[in-house]
Structure formats: C-alpha cells, structure tokens
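The exercises below are to be worked with the sequence and the 3D view side by side. Each task is followed by a solution in steps.

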Amino acid sequence: MLNLAERVDLIPPSPTLALDAKAKALKAAGRDVINFGIGEPDFDTPAHICEAAIKAIRDGFTRYTPVPGIVELREAIGEKFRRDNGLEYKASQIVVSNGGKHGLYNAFLCLFQPGDEVILPTPAWISYAPLLTLCGAKAVPVRTNAANGYTLTAEDLERGLTPKTRGIIINSPSNPTGMAYGADRLKELAPLILKHKLWVVTDDIYEKIFYDGGQFVNLPMAEPALYDQTVIAHGFSKTYAMTGWRMGFTAMPTEKMAQGAANIQSQTTSNPCSITQKAALAALSGPQESVAAMAASFQRRRDLIISLLADIPGLTCPVPQGAFYVFPDVSAYYGKKNGGAIINTSDEMAAYLLEAAEVAIVPGSGFGDDRNLRLSYAVSDDDIKRGLGRVKEALLALK
Ligand SMILES: Cc1ncc(COP(=O)(O)O)c(C=O)c1O
C-alpha cells in the first residue's frame with residue numbers, strides 16, 4: 001500500500017462523535033441507553049427559519065452566492081454585533097462559513113503558521129488543537145481550575161507564554177465546563193495580550209445560552225484596544241438550534257483579513273449553502289423569543305442536573321453560567337472497581353458507565369482533564385433524572 005500523508009495520523013477522530021455512534025449502536029441493538037454525549041440543542045429549528053429556507057428553494061435561490069455570504073446576511077450579522085456587543089463590523093469584515101468550526105479553521109489558517117504556539121486555556125473544546133495542528137501550529141494547553149471558575153488568570157497566561165506564542169483562544173461560555181469569563185477577568189488578561197501582541201480568537205458560539213441574567217462579555221468588549229487583534233468566531237448552531245444546517249460566521253479586525261479568509265474559502269468550499277443563508281437571515285432578523293425560551297429551558301435543566309450531581313457523594317462540579325454542559329470531577333471514584341478492572345481514567349469511567357449504567361457520557365480526557373466527565377444536558381428532564389439515578393447507583397457500586 002502507498003503511504004498516506006503524515007497529517008492523517010496527526011488528527012484524532014472526534015471522541016464525542018465516536019461516543020455518539022457507540023451509544024446509537026447500543027440503542028439500535030435494543031439497549032435503553034441515555035445519551036448525554038452530543039452537544040446540540042434538542043429543540044427543532046424555529047418554524048419561521050425553516051419557512052425562509054423553503055421559500056428560498058421555491059424562489060430558486062439555489063445558485064452560487066458571493067463567497068463570504070450574501071451582503072444582506074453579513075449586514076444583519078454586523079447589526080447583531082452592534083446591538084448585542086456594541087462592536088462595529090462592516091459587511092466587508094465578516095465571512096460566513098459552513099458552520100462555526102469552519103469559520104475557526106479559516107481564521108486559524110489566516111493567523112497561524114508552522115512553529116507558532118497558541119495558548120489554549122484547558123479544559124477546552126476538543127477541536128481547537130487538531131484545527132491548529134492542521135495549520136502546522138501548536139496548541140499550548142494552560143490548565144485552569146474549578147476554584148477559578150475554569151477561567152485563565154494573568155498568572156496562568158504568563159506561564160504559557162514563550163517567544164513563539166502568537167495567539168490565545170477564549171471560549172466563553174465554555175464547552176466543556178459551561179463557565180464564563182466576567183469583564184474583570186478579561187481586563188486582567190488584556191494588558192498581557194496587548195504587550196505580547198497576541199491574536200485573540202474568541203469563540204462566542206454559546207453567547208445566547210447564558211444564565212441567571214448574567215451579561216455576556218468578550219475581550220474586545222472588555223478592552224476596546226483589543227479590537228484590532230481579535231477575531232470573533234460565532235454561529236447559528238447553538239443559538240437557533242441549527243446544528244445540521246451548517247452555518248457560522250467570523251468577524252475580523254480588518255477587511256484585509258476578511259478578504260484573506262474569503263480567498264481561502266473560495267479555493268476550498270466556496271460560498272456556504274445559499275438556502276441556509278436565507279434561513280440564517282430570517283433567524284437574525286426575525287423574532288428572537290425562541291432564543292430566550294431555549295436558554296430558559298436549558299437553565300431549568302442546569303438546575304435539575306446540578307441538584308442531582310450534588311446528591312452523589314464525592315463529585316464536585318461548579319455551577320455553569322451558560323452553554324448546556326456540566327463537567328463534574330469524578331476522580332474520587334478512581335482506584336475502585338465493580339467486578340471488572342480498577343477504574344483509573346476518565347475513558348475507563350465513561351466505558352464503565354456505558355456498560356454498567358447504560359449512560360453515554362464523554363470522558364474528560366479529550367478536553368484535557370482526565371479527572372472529569374462531560375455531560376450535555378440538552379436532553380429531557382426524564383432522561384436527566386433516570387440517567388443521573390443510574391450514574392449514582394453505578395458509582396456507589398464501585399468499591
Ligand atoms: C465551543 C464550540 N465552538 C464551535 C463549535 C462549532 O459548532 P458548529 O460548527 O456546529 O457551528 C462547537 C460545537 O460543538 C463548540 O462547542
């Protein structure tokens with residue numbers, strides 16, 4: 001056999017998608033698996049958004065569009081930044097892509113090159129490091145902790161800096177912890193980011209799933225001087241329950257960078273789906289009640305799952321401020337077993353819980369913390385209650 005390119009071996013499969021596939025296979029085989037694995041809202045896309053897509057097809061809006069997206073959509077995105085974040089972006093600074101992940105990849109390709117290091121506050125979403133690897137750059141994980149609300153301090157940031165550091169990624173509210181940065185913490189980081197001339201990529205995809213009346217804030221909002229070195233990565237998947245539609249967007253500090261990202265996109269995927277663009281335009285310019293209703297529903301489920309986790313001896317878990325994940329520390333149960341092998345890692349714990357309790361939960365290892373598990377609570381109340389009951393029973397059976 002001929003050899004494949006080396007990068008094939010550098011990119012691991014997504015453990016969340018792998019777990020989802022395994023859970024679905026068990027379910028298909030008749031097992032009553034409760035799936036806390038997958039990170040997507042359990043709501044249908046709001047009807048007016050679907051109608052806009054159907055209209056687009058009927059109107060024949062089915063051809064190539066400008067590569068970075070139709071101007072009306074980019075203007076609506078600019079309006080969103082003005083309204084929600086007090087930030088000014090012209091349509092020419094915005095690129096619409098095939099999902100938030102694609103927008104991040106375009107941005108990384110524009111900003112980072114072989115040898116560059118990028119600070120990644122950890123635990124972090126699984127895809128940042130492989131996307132950087134594809135650019136030849138390197139993610140430098142810098143550990144945060146539950147005591148600091150899983151946010152990076154200036155001291156932490158100093159620890160990760162080397163002469164090769166070119167950027168930092170901030171994701172708030174966070175996948176996997178659900179924790180968010182406040183303005184004070186961001187202002188604490190800003191002087192170092194300015195001094196070391198780091199690119200900031202702020203992944204704001206969970207902006208609208210924010211709880212307890214808290215105010216979302218990102219780095220350029222907290223420190224306007226950072227506007228010139230920040231890319232905002234965002235998308236429709238989580239806010240509007242549109243994961244399958246594949247639509248994200250990035251706001252760039254300059255037209256030059258946006259043009260660069262659009263050029264890259266023009267040679268790889270061309271414009272994002274014309275029909276989805278019309279749906280996204282309806283999402284941004286139509287009624288927003290469903291967004292708040294979904295966030296309220298997630299908050300209620302956050303309260304439920306946190307109360308059930310608190311009822312399991314030995315688990316610790318800060319109360320998330322947003323997104324729809326909890327990231328409990330289960331390491332108090334390491335070094336124990338229930339008949340089989342001793343459990344010492346999050347992978348072993350997740351495998352045990354799938355087998356013994358029929359719950360699919362993502363191990364923390366892929367997010368950079370092996371003491372934890374990640375549960376998505378975008379599932380029904382009943383599944384949360386039954387699932388957490390089973391988790392408790394299986395953990396207490398470990399001796
Ligand atoms: C933190 C974070 N960023 C970006 C994405 C990408 O979402 P999409 O590509 O569906 O827009 C996800 C999806 O899980 C995520 O959790």
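## Exercise 1: the seven-stranded sheet

In this predicted model, I170 stands opposite T202 in β6.

Task: Place β6 in its sheet, and state which strands pair with β6 and in what sense.

Solution.

Step 1. Start with the strand order. The open sheet has seven strands, ordered β2-β8-β7-β6-β5-β3-β4, and its pairing is mixed. At the edges are β2 (94-97) and β4 (138-143), each of which pairs on one side only. From one strand to the next, the twist averages 20 degrees.

Step 2. Take the β5 side. Five bridges link β5 (residues 165-171) to β6, and the two strands pair in the parallel sense. I169 stands opposite V201 in β6. To get from β5 to β6 the chain passes through helix α8 (residues 183-195), and this β-α-β crossover is right-handed.

Step 3. Take the β7 side. Here β6 pairs with β7 (residues 230-235), again in the parallel sense, over four bridges. T202 stands opposite I232 in β7.

Step 4. Check the cover. Of the five residues of β6 (residues 199-203), four are buried. Helix α5 (residues 100-111) packs on the sheet and touches β2, β5, β6, β7 and β8 (248-251). The direction of α5 makes about 180 degrees with that of β6.

## Exercise 2: a residue of helix α8

Task: Decide whether I193 is buried or exposed, and list what I193 is in contact with beyond its neighbours in sequence.

Solution.

Step 1. Locate the residue: I193 lies in helix α8.

Step 2. Read its accessibility. The relative accessible area of I193 is 0%, so the residue counts as buried, the cut-off being under 20%.

Step 3. Collect the contacts. With neighbours within four places in sequence left aside, I193 is in contact with L157, I168, L198, V200, L219, L226 and Q229. Of these, V200 can be placed in β6, which spans residues 199-203, and I168 in β5, which spans residues 165-171.

Step 4. Add a distance. L109 is 84 residues from I193 along the chain, and their C-alpha atoms are separated by 20 Å.

## Exercise 3: two helices side by side

Task: Classify the arrangement of α12 and α14 from their crossing angle, and describe the contact by residue class.

Solution.

Step 1. Get the geometry. The axes of α12 (residues 289-310) and α14 (residues 381-396) come within 10 Å and cross at roughly 10 degrees.

Step 2. Apply the cut-off. Angles under 35 degrees count as roughly parallel, so α12 is roughly parallel to α14.

Step 3. Name the residues. From α12, the contact takes in R300, R301, L304, I305, L308 and L309; from α14, D381, I384, K385 and L388.

Step 4. Sort them. The contact has six nonpolar and four charged residues, and no polar ones.

## Exercise 4: the three-stranded sheet

Task: Give the strand order of the three-stranded sheet, and find how helix α13 lies against β11 and β12.

Solution.

Step 1. The order in this open sheet is β9-β12-β11, with antiparallel pairing. β9 (325-326) and β11 (362-363) are the edge strands, each pairing on one side only.

Step 2. β11 and β12 (residues 373-376) are joined by two bridges. Across this pair, V362 stands opposite R374 in β12.

Step 3. Helix α13 (residues 346-357) lies across β11 and β12 and runs at about 45 degrees to β12.

## Exercise 5: backbone details in loops

Task: Find where cis peptide bonds join T122 to P123 and S172 to P173, and where S270 and E358 take positive phi values.

Solution.

Step 1. Between T122 and P123, omega is about 5 degrees. P123 is in the loop between β3 (117-122) and α6 (128-134).

Step 2. Between S172 and P173, omega is about -15 degrees. P173 is in the loop between β5 and α8.

Step 3. S270 has phi near 60 degrees. S270 sits in the loop between α10 (255-268) and α11 (274-285), and at 27% relative accessibility counts as partly exposed.

Step 4. E358 has phi near 55 degrees, and its place is the loop between α13 and β10 (359-360).

Definitions and conventions: Residues are numbered from 1 along each chain as its sequence is written. This is a predicted model: local features need pLDDT of at least 70, side-chain atom pairs count only at pLDDT 80 or more; totals for chains, interfaces and linings use all residues. Side-chain values use heavy atoms; hydrogens and water are left out. Buried means under 20% relative accessible area, exposed over 50%, partly exposed in between (1.4 Å probe, protein chains only). Two strands pair if DSSP finds at least two bridges between them. A crossover is right-handed if, with the strands pointing away from the viewer, the path from the first strand over the helix to the second runs clockwise. Axes are lines fitted to C-alpha atoms, for helices over the stretch in contact, and angles run from 0 to 180 degrees between N-to-C directions. Angles under 35 degrees count as roughly parallel, over 145 as roughly antiparallel, 65 to 115 as roughly perpendicular and the rest as oblique. Contact means heavy atoms within 4.5 Å. Ala, Val, Leu, Ile, Met, Phe, Trp, Tyr, Cys and Pro count as nonpolar, Asp, Glu, Lys and Arg as charged, and the others, Gly among them, as polar.
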